Amino acid sequence: SFLPLPSPYKSPLCLLLLFSHFSSEEFFLLSSPFSHLLRRRSWSSQTVSEMESLGLRAVGSHCSLSEMDDLDLNRALDRPRLKIERKRSFDERSMSELSRHDSPRGRSVLDTPLSSARNSFEPHPMMAEAWEALRRSMVFFRGLPVGTLAAVDNTTDEVLNYDQVFVRDFVPSALAFLMNGESDIVKHFLLKTLQLQDSEKRVDRFKLGKGVMPASFKVSHDPIRETDHLVADFGETAIGRVAPVDSGFWWIILLRAYTKSTGDLTLSETPECQKGMKLILSLCLAEGFDTFPTLLCADGCSMIDRRMGVYGYPIEIQALFYMALRCALSMLRPDGDGRECIEKITKRLHALSFHMRNYFWLDYQQLNDIYRYKTEEYSHTAVNKFNVMPDSIPDWVFDFMPLRGGYFVGNVGPAHMDFRWFALGNCVSIMSSLATPDQSMAIMDLLEHRWDELVGEMPLKICYPCLEGHEWRIVTGCDPKNTRWSYHNGGSWPVLLWQLTAACIKTGRPQIARRAVDLIESRLHRDCWPEYYDGKLGRYVGKQARKYQTWSIAGYLVAKMLLEDPSHIGMISLEEDKLMKPVIKRSASWPQL
Ligand code: GLC
């Protein structure tokens, strides 16, 4: 009943015909919930018992088709047919080209266990290792699982704050658990962090807003009283002392993922969760001096938690803000102050999507327009709305921009356009449908065109390009951890694989994710699951990277499970809201979106 195929297709003969008609990858996407069963059957009994001993249930998605209102399966079903007539995609081309060359080790790149496993539905041995490592990172509070440590690195004594449960780091762990049918840890995490939100937060003598969610927390055990208690960090002990703006958004996004995956509405509907959401949003929806619908932020308030010149209106926060607003909209009850909150959200979403889709979007045409901008324009007729100086366009972007493709730039503010590419913001824009379907496709096109720069040898560059020399000194404040092509400054972060995969599945281009997964599988476990890689191509294990970094492990698992069963995407993606299309006619100098 789960397979949305007309009944004649369900006979074994027709399935065989389908297999021969589509490439395995196309068939994979086409019949995912069903092929899930086929694949299960082909697992060796040893693998199955190994997986079972790790507590892995052979479950697929927990949303029924009727619940998956956000997943346009029809689109997924139509796509393979279209693809057959299309010219070979970049992936197909490059993979066959690759097979013609021998790797430095003297064997064909395609002739490896990794690539041969790609079409045999066998789970990669790394999966079992990853699950084991993920379970080792679990944190318990009075006997209940409440999260996962940022890293369990036994190769160093220097723990720093990696022995804590970070809200943003827990997201891929939570998704992996949800996809495996284990929702308890996610529920406990959501409830514990909600309790922490309620505590008084201070930095010196300054009291933080009520809605702020912790960046991380730690379970501390009192051996005398034999009890556990939680210690949270709201940014006051972090580098730079910045409150995490992303934590609250991830919390709301996770609450929806939990609800979608389990079908359990009782959690999100509790007065506590309703209040928690409203408190988070009241921090962002309050009226003030803003002239833009985007959210003004300090440097270091998100995944990039050090000074990196992302203050102002960073894309990562704007995309998460948009996604959290939409998730909250689907969960808030329209009673009491809920109704007012819903109204505010709706208005903000409208303005935010217009602003982002128009002013943050950069493609060849738009770049050319900015290059020709006049400055010093006053009044409503100004084309150059933020007075961006064409001279401030960095040289690299002219060569980088393909004729087909585009992306949301890093930041837009008064006379300020940060042209850098940031992976997280762009992937979340696709997942949340902040990007229009055309923009989403253009982002994927850019990734294909600029594979070496944005993916390289280890997915995925956190941002591109890096800052160096004088610019690095001024912008990062001479940060020795963020030197060029390292850490947040153009380093490669395996955790971003899950977001890339989600974006690929949403846009119907899983081959791109598959290619990135192959890269990860060739190195990540051998290198002991590092936090990040350094270098222009991401070839070197990061200078100060933790080993056994939990979100590198969980990100891989989520990517694999998404590819195996694309219906999981419903947990973390939102379909386009047709009402939010740009309504205002743009001046002639703006390309039509
Ligand atoms: C680093 C990262 C941050 C992450 C933390 C824990 O500080 O910049 O994004 O949450 O480590 O892994």
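# Questions on the structure

Q: In which helix is the place of His350?
A: This is a predicted model, in which local features need pLDDT of at least 70, side-chain atom pairs count only at pLDDT 80 or more, and totals for chains, interfaces and linings use all residues. Residues are numbered from 1 along each chain as its sequence is written, and side-chain values use heavy atoms, with hydrogens and water left out. Helices (H or I, at least four residues) and strands (E, at least two) are DSSP runs, numbered from the N terminus. The run that holds His350 covers residues 337-360, and its name is α15.

Q: What is the relative accessible area of His350?
A: A residue counts as buried under 20% relative accessible area, as exposed over 50%, and as partly exposed in between (1.4 Å probe, protein chains only). His350 is partly exposed, with a value of 36%.

Q: What distance separates the C-alpha atoms of His350 and Tyr322?
A: Along the chain, His350 and Tyr322 are 28 residues apart. In space, the separation of their C-alpha atoms comes to 9.9 Å.

Q: How many charged residues does the shell around the ligand have?
A: Taking residues with a heavy atom within 4 Å of the molecule, the surroundings of the ligand are Ala150, Tyr162, Phe166, Arg168, Asp169, Met303, Asp305, Tyr487, His488, Glu531, Gln549 and Trp551. Ala, Val, Leu, Ile, Met, Phe, Trp, Tyr, Cys and Pro count as nonpolar, Asp, Glu, Lys and Arg as charged, and the others, Gly among them, as polar. By these classes the shell has six nonpolar and two polar residues, and the number of charged residues is four.

Q: How much of the area that the ligand exposes alone does the protein bury?
A: A polar contact is a pair of N or O atoms within 3.5 Å; within protein, one must be able to donate a hydrogen and the other to accept it, and residues adjacent in sequence count only if both atoms are side-chain atoms. Polar side-chain atoms lie 2.5 Å from a ligand oxygen in the case of Asp169, 2.7 Å in the case of His488, and 2.9 Å in the case of Gln549. Taken alone, the ligand exposes 300 Å², and the part of that buried by the protein is 97%. Such areas come from the Shrake-Rupley method with a 1.4 Å probe, and for residues only the protein chains shown count as cover, while the buried share of the ligand remains 97%.

Q: What percentage of the residues of the protein chain count as buried?
A: The protein chain comes to 24 helices and 15 strands, and its accessible surface is about 25,800 Å², of which 55% belongs to carbon and sulfur atoms. With contact meaning heavy atoms within 4.5 Å, 71% of the contacts between residues at least 6 apart in sequence join residues at least 24 apart. Of the 593 residues, the buried portion is 59%.

Q: Which are the edge strands of the open sheet?
A: Two strands pair if DSSP finds at least two bridges between them, and by this rule an open sheet of three strands has the order β3-β6-β7, with antiparallel pairing. Each edge strand pairs on one side only, and the two are β3 (165-166) and β7 (227-233).

Q: Which residue of β7 stands opposite Lys218?
A: Strand β6 (residues 216-222) is joined to β7 by seven bridges, and to β3 by two. Toward β3, Phe217 in β6 faces Val165; toward β7, His221 stands opposite Asp228. The partner of Lys218 in β7 is Val231.

Q: Is Glu226 buried or exposed?
A: Glu226 lies in the hairpin of β6 and β7, which has four residues between the strands, and its phi near 55° is a positive value in a residue other than glycine. Most residues other than glycine have a negative phi, and most peptide bonds are trans. At 66% relative accessibility, Glu226 counts as exposed.

Q: What is the relative accessible area of Ala415?
A: Ala415 has a positive phi, near 50°, and is found in the loop between β10 (411-413) and β11 (416-418). Ala415 is partly exposed, at 42%.

Q: What is omega of the peptide bond from Tyr464 to Pro465?
A: Leu460, in the loop between α20 (451-454) and β13 (463-464), follows a cis peptide bond from Pro459 with omega near 5°. Pro465 has its place in the loop between β13 and α21 (469-476). The bond from Tyr464 to Pro465 is cis, with omega near -10°.
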